[in-house]
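Let's take a friendly walk through this protein together. Please have the sequence and the model open as you read.

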Amino acid sequence: MPAQKASGHLADLERDGFVVIRGIVSGQKLEELRDASRKVEKLGRSGQWPHIRTVGKQFPPWTFSPEKGIWGVQHLMNPELPGHEIFTRQYFSEEILSIVRELLQCNDEELVMELFNMLVRPDGDFELRWHRDDIPAEATAEEEMERLGRPGFHAQYNFALWEDESLVVVPGSHKRPRTETERNADPFEKVLPDQLIVKLGPGDIAFYNNNILHRGVYDSKKDRVTLHGSVGHSGGSLLRARNVLQHGIGGYVDKVDFSKLSGREGQRAEEMRARLVKLGSENGDVGYSLQG
């Protein structure tokens, strides 16, 4: 990615490790996404869609155990899922990808198709431990900085369809190793110094560096439907391969349906898919980033 002086959304992301952009979708389009999401949520809770995140398990692989309750639904672009066309259209939309290009300082020819999932209200209160997505808790300060010092090659986001206050971050922690307080804290510590709750309204989107120190706090009494996606940069190679392929997208990526996309968007989507397939073929069995 070319080195340029950051401005706007990119400056916020580089400084804080996250950036919130208000109201990228509203009106009829928001209602269409809400309707499709509610139907998918119902399928996940009832066990009619097998690709779910189960309460009590933070990281992949997840097993099909709907009786434990769910906190997420996987594979929104899988053509076997009812409503997949709506989610695919949103994932490849210019309103999303224009922000991604700004944050990654790249053009369409460098974008890589990655993940699109859904986070929902758990059936029982559930919290994720403090973590960085691609750096294990056991890493030394030197190992943290070795990873944090390299480009992230991704744009990861939470796109809220209703109000969402589930993501908790420590601003700026994507640029430094953990402090002694952070390193010695209980993994489920309720409050860390300088932490911030990312507050989203309907149609708001938060992009964040996935190696910022963060956690999720999910209230079973509060409705939540948030689309959770990521878009990659072709420079990512193995750095992104493990983060993406561990979720099982390789099982259906070749079948994702682009027929509802416009001409230019459809062509862009096909090219992004081809880069993901190339990523998988070059990196083979990538394992899992974190355990638990």
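The sections below look at a sheet, two helices and the nonpolar cores.

## The four-stranded sheet

This is a predicted model, and a good place to begin is its open sheet of four strands, ordered 5-10-7-8 with antiparallel pairing. Strand 5 (126-127) and strand 8 are at the edges; each has a single partner strand, so one side of each lacks a neighbour in the sheet. As a reminder, strands of a sheet pair through backbone hydrogen bonds, either parallel or antiparallel.

Strand 7 (residues 164-169) has five of its six residues buried, so the rest of the structure largely encloses it. Its antiparallel link to strand 8 (residues 196-200) is made by four bridges, and here D164 has L200 as its bridge partner. Towards strand 10 (residues 214-218), strand 7 again runs antiparallel, this time joined by three bridges. You can trace this pairing by eye: V169 stands opposite H214, and V168 stands opposite R215.

## Two helices with buried residues

Why can helix 3 (residues 84-91) be called largely enclosed by the rest of the structure? Six of its eight residues are buried, so that description follows. The buried residues are H84, I86, F87, T88, Q90 and Y91.

Helix 4 (residues 94-104) also contributes buried positions, namely I96, L97, I99, V100, R101, L103 and L104. Just after helix 4 comes Q105, a residue with a positive phi, near 50 degrees.

## The nonpolar cores

Which residues have the most contacts inside the largest nonpolar core? They are M113 and F207, in a core of 56 residues. Strand 4 (residues 111-120) provides the largest share of this core, with seven residues.

F207 deserves a look of its own. Setting aside neighbours within four places in sequence, F207 is in contact with several residues of the early chain, among them L13, G17, F18, V19 and I21. Its contacts also include I96, I99, V100 and L103, four residues that appear in the list of buried positions of helix 4. A155, Q156 and Y157 are further contacts of F207.

There is also a second, separate core, which has nine residues, including L200, A206, Y208 and I212. L200 brings us back to the sheet, where this residue of strand 8 is the bridge partner of D164.

Methods:
Residues numbered from 1 in each chain as written. Predicted model: local features only at pLDDT ≥ 70, side-chain atom pairs only at ≥ 80, totals over all residues. Heavy atoms only, no water. Buried < 20%, exposed > 50% of the residue type's maximum accessible area, 1.4 Å probe, protein only. Helix = DSSP H or I, 4+ residues; strand = E, 2+ residues; numbered from the N terminus. Pairing = 2+ DSSP bridges. Core = buried A, V, L, I, M, F, W, Y, C linked by side-chain atoms within 4.5 Å. Contact = heavy atoms within 4.5 Å.
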